[in-house]
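Reader: I am new to this model. Could you take me through one part of it closely, with what surrounds that part?

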Amino acid sequence: MKPIYLDHAATTPLDPRVREVMRPYLEDIYGNPSSIYRLAREARRAVDAARDTVAEILGARASEIIFTASGSESDNMAIKGVAFAHLSRRGHIITSSVEHHAVLHTADFLEQLGFTVTRLPVDSNGMVDPDAVGRAIRDDTILISVMYANNEVGTIQPIEEIGRIARRRRIPFHVDAVQAAGFLDLDVNRLGVDLLSLAGHKFYGPKGSGVLYIRRGVACWPLIHGGGQERGRRAGTENVAAIVGLAAALRFAQDERAEHAAHVSRLRDRVIREVLAQVPGARLTGHPRHRLPNNASFCFEGISGESLLLALDQEGIMASTGSACTSGSLEPSHVLLAMGLPAPLAAGSLRITLGRSNTDEDVDRLLAVLPVTIARLRSLETVTPS
Ligand SMILES: *Cc1c(COP(=O)(O)O)cnc(C)c1O
């Protein structure tokens, strides 16, 4: 049976059209964009054109776009870069308790260097209260970092409202928009954001590609020193093929945003409706309305998310718990705990994230397998003493 991929928040397959756009830069046009002969100038032109494309989609200037190697790098550069520009006096950073670890662990690290961090709570839907952002601002606040859409539960944050507060108080505002690209408006001026992170592989572009937008005038120091690439803000010979691929993928994702959202949200609504109807004690996690169109995430009492994933994998269905389960340490998700879910319930999480290639037949298969699998796991796990 054809395997079914339902983990598009983890990564997406490369769009074949993007692969074809990238191909010349993996093969014939291998010149270093910093060199001066024609082969190099062709590579340079491709990087410049990619930068123009990304800038246009973000409503930014080309000079405000930095190409990086991942969403994690973009988050690190935004937060450490702004912090390092305030190294002499340290300062205060506001973020939320449901950020990706690329943000939270960076904030933890800066705390060790003497910065202070406020991690704002969220409500039971995973939503940050913009007024709480305003109340957390201090005289020494140097940065606000709140994600656009959550990678585990799909909740969309009130970015424009937070942006208005940040702008009024003149504090740089960073947004991790890695999950939002391809679904939500990315215009940095409408959103009122000063720094914004993207990752190519989350919208059918290549892995190992990222973008950081930095508004002109925002002090953000480089993390990687060396050559003068990226206007001296990120040294290292450009990954030309990945940059070209990211820009092409973002262009396709932006142009096809409405039809893509309509496709996945229809499937998502089927999954949510049927799972809640067919699985006793199933709970939808994340905001019921303000959520990504491709995200259906749940908690099921009395099972572990990991055993559910393994059982689904046996049936050829690829999904996620949405939590960070690294090398056997089954930490419950910080996102679900921050939303107030009890740890035993949070341990039974499942994240379904739909994508371009998914069909009604895929949802049929999931719905044929999931309720019986959960019932079987529950009957096994209740006899196991914990
Ligand atoms: C995937 C993801 C990242 C990290 O991106 P990488 O390219 O995998 O480093 C950061 N933030 C969010 C919200 C993500 O979903």
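Author: The answer below follows one strand, then the spaces and the core around it.

First, the ground rules. Residues are numbered from 1 along each chain as its sequence is written, and side-chain values use heavy atoms, without hydrogens or water. The model is predicted: local features need pLDDT of at least 70, side-chain atom pairs count only at pLDDT 80 or more, and totals for chains, interfaces and linings use all residues.

The part is strand S10, residues 295–300. Strands here are DSSP runs of E, at least two residues long, and helices are runs of H or I, at least four long, numbered from the N terminus. In S10, 6 of the 6 residues are buried, so the strand is largely enclosed by the rest of the structure. Buried means under 20% relative accessible area, exposed over 50%, and partly exposed in between (1.4 Å probe, protein chains only).

Look along the strand. Asn295, Ser297 and Cys299 point one way. Ala296, Phe298 and Phe300 point the other way. Both sets are buried.

Which strands pair with S10? One is S9, residues 282–284. It runs antiparallel to S10, and 3 bridges link the two. Two strands pair if DSSP finds at least two bridges between them. Take one bridge as a marker: Arg283 has Cys299 of S10 as its partner. The other strand is S12, residues 349–353. S10 and S12 are also antiparallel, joined by 5 bridges. Here Phe298 stands opposite Leu350 of S12.

Keep Phe298 and Leu350 in view. Both line the second largest cavity. A cavity is a set of points, on a 1 Å grid over the protein atoms alone, where a 1.4 Å probe fits but cannot get out; lining residues have an atom within 4 Å of a point. The volume of this cavity is about 40 Å³. Volume is the space filled by probe spheres set on points joined across faces, edges and corners.

What lines this cavity? From S10 come Ser297 and Phe298. From S12 come Ser349, Leu350 and Arg351. S12 gives the most, with 3 residues. S10 and S12 are the elements that give two or more residues to the lining. The rest of the lining is Glu152, Val153, Thr285, Thr321, Gly322 and Leu336. By class, there are 4 nonpolar, 5 polar and 2 charged residues. Ala, Val, Leu, Ile, Met, Phe, Trp, Tyr, Cys and Pro count as nonpolar, Asp, Glu, Lys and Arg as charged, and the others, Gly among them, as polar.

The count of cavities of 30 Å³ or more comes to 2. The largest holds about 140 Å³ of space. Its lining has 18 residues. Ala181, Phe183, Lys202, Tyr204 and His260 lie nearest its centre. Helices H9 and H10 each supply at least two lining residues, with H10 covering 257–278. By class, the lining of the largest cavity has 8 nonpolar, 6 polar and 4 charged residues.

Now go back to the end of S10. Phe300 is among the residues with the most contacts inside the largest nonpolar core. The others named with it are Leu58, Ile144, Tyr148 and Leu198. This core has 97 residues. A nonpolar core is a set of buried Ala, Val, Leu, Ile, Met, Phe, Trp, Tyr and Cys residues joined through side-chain atoms within 4.5 Å. Helix H9, residues 240–255, supplies the largest share of the core, 10 residues. A second core is separate, with 18 residues, including Ile66, Phe84, Ile214 and Cys220.

What does Phe300 touch? Leave aside its neighbours within four places in sequence. It is then in contact (heavy atoms within 4.5 Å) with Val275, Val279, Gly281, Ala282, Leu308, Leu345, Gly348, Leu350, Leu370, Ile374 and Arg378. Two names link back to the pairing. Ala282 falls within S9, residues 282–284. Leu350 belongs to S12 and stands opposite Phe298.

For contrast, look outside the strand. Arg170 sits in the loop between helix H6 (159–168) and strand S6 (173–176). At 76% relative accessibility, Arg170 counts as exposed. Its phi is positive, about 60°, although it is not a glycine. Arg231 lies in helix H8, residues 229–232. It is exposed too, at 65% relative accessibility. Its phi is about 55°, again positive in a residue that is not a glycine. S10, by comparison, has 6 of its 6 residues buried.

Methods:
1 Å grid on protein atoms, 1.4 Å probe; cavity = no way out; pocket = protein on both sides within 12 Å on 5 of 7 lines; lining within 4 Å.
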